[in-house]
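Let's walk through this structure together, one neighbourhood at a time. Keep the viewer open and follow along as the residues come up.

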Amino acid sequence: MADKHLVAGLESFQLEVKNLNQAKTFYREVFGLEFAGPPMTGSTLFRANGTTHHVVELVEGKRSRFVGIELSTSSRSAVDILVGRLGDAGFSISHPPALLSDVTGGGYGATVEGVEGLRIQLVYGRVSHSHVLEDRTKPLCLTHVVLNSNEFERQINFFIGILGFRVSDITERMTFLRCGADHHTIALAHGDSMSLNHAAFAMEDFDSLMYGSGRLLEFGHAIEWGPGRHGPGNNVFCYFIDPEGFAVEYTTDMDQVDESYEVGSAEYWTNFPKRPCRWGVAGKPSEKLAMAFAGKGLIND
Ligand SMILES: [Fe+2]
């Protein structure tokens, strides 16, 4: 039986990008993140307004590609326990537990290759920034990622059985998983292969989400879906597409849940009123966003 407390949260995600300079400009000047740590050759770390060391890592490469996610653990020994569990289950440990470089915030961690080659870094004790950034039009933190999977049941078993995530809701297309009070931290979507469906950043409140969305519009990035309010999670959303073709979300007001939360079934959500937006105002995602959600809108394609 998995210990549900070993994974503490979602720390960051990593993208390989074809045009690092263009992506850097987008995530900093348009999306509202800031550089974290000293400049590095070939990759860039970004922080949000909160104190987490970094929430996005961009690595310059030959193509646009989702690389993986980073999960924080509740203790140093949790890294060792999880790596032991993953090794016993036959997963490849690419970097065994060790102290991590100060350049990326230090701490203690390990890297594993999960189901469908999903790279998962486990980290504990990374340094935090000493102060928050005061600009409520910009994101507070990374709050969830949705991953497309062609080995759906194996992924679900991996996240629940090995990493200790709990199920919050199930729809026809997705299963929503949590590792804390947020309704979902990871969601898995049925897809052709492992890819990033989207990454979501928490905004302070609805006003912040709208001011941030206004900045994206000003820079020529359309709101591809939203504003709206989701069914599962009840969070408010606006979706955009980055210059590489990845879908990114500003979100706020997600339901906070505990063990008493009743898992909604696919049937329940299929019959949920005003699906997919509780307000009945958002309509459907743009065609471009639907492609990006499927992991098929990247600039390679
Ligand atoms: Fe989302």
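A residue is called buried when its relative accessible area is under 20%, exposed when it is over 50%, and partly exposed in between, using a 1.4 Å probe and protein chains only. This is a predicted model, in which local features need pLDDT of at least 70 and side-chain atom pairs count only at pLDDT 80 or more, while totals for chains, interfaces and linings use all residues. Residues are numbered from 1 along each chain as its sequence is written, and side-chain values use heavy atoms, with hydrogens and water left out.

Start with His 53, which is buried, at a relative accessible area of 7%. His 53 sits in the loop between strand 3 (43–47) and strand 4 (56–60); here helices (H or I, at least four residues) and strands (E, at least two) are DSSP runs numbered from the N terminus. What does His 53 touch, not counting residues up to four places away in sequence? Contact means heavy atoms within 4.5 Å, and by that rule the list is Ala 36, Leu 45, Arg 47, Val 103, Thr 104, Gly 105, Arg 126, Val 127 and His 129. Thr 104 also offers its backbone oxygen, which lies 3.4 Å from a polar atom of the His 53 side chain. A polar contact is a pair of N or O atoms within 3.5 Å; within protein, one must be able to donate a hydrogen and the other to accept it, and residues adjacent in sequence count only if both atoms are side-chain atoms.

Now move to the metal. Which residues coordinate the iron ion? They are His 144 (NE2), His 198 (NE2) and Glu 249 (OE), at 2.0 to 2.1 Å. Donors are N, O and S atoms within 2.8 Å of the metal (3.2 Å for Na, K and Ca), and water is not among the atoms, so sites may look incomplete. Along the chain, the iron donors follow the spacing H-x53-H-x50-E. His 144 belongs to strand 9 (residues 141–149) and His 198 to strand 13 (residues 195–202), so the pair ties together parts that are 54 residues apart in sequence. Both His 144 and His 198 are buried.

Those strands lead us to the sheet around them. It is an open sheet of eight strands in the order 10-11-12-9-13-16-15-14, with mixed pairing; two strands pair if DSSP finds at least two bridges between them. Strand 10 (166–170) and strand 14 (225–229) stand at the edges with a single partner strand each, so one side of each is left without a neighbour in the sheet. From one strand to the next, the twist averages 20 degrees. Helix 4 (residues 206–218) packs on the sheet, touching strand 14, strand 15 (236–241) and strand 16 (247–252), and its direction makes about 150 degrees with that of strand 16. Axes are lines fitted to C-alpha atoms, for helices over the stretch in contact, and angles run from 0 to 180 degrees between N-to-C directions.

Strand 9 deserves another look. Eight of its nine residues are buried. Strand 9 runs antiparallel to strand 13, with seven bridges joining them, and Leu 142 has Phe 201 as its bridge partner there. With strand 12, strand 9 pairs in the parallel sense over five bridges, and Val 145 is partnered by Ile 186. Strand 12 (residues 186–190) is in turn joined to strand 11 (residues 174–178) by four bridges, running antiparallel, with Thr 175 opposite Leu 188.

Next comes helix 3 (residues 152–162), whose buried residues are Phe 152, Gln 155, Ile 156, Phe 158, Phe 159 and Ile 162. They pack against strand 5 (65–73), helix 2 (76–88), strand 8 (119–124), strand 9, strand 11 and strand 12. Just after helix 3, Gly 164 takes a positive phi of about 85 degrees.

Finally, the cysteines. A search of the whole structure finds zero disulfides, a disulfide being a pair of cysteine sulfur atoms within 2.5 Å. Why is Cys 141 without a bond? Its closest cysteine sulfur, in Cys 179, is 12 Å away, which is too far. Cys 238 is in no disulfide either, with the nearest cysteine sulfur, that of Cys 277, 10 Å away. Cys 141 is partly exposed, at a relative accessible area of 27%, whereas Cys 238 is buried, at 0%.
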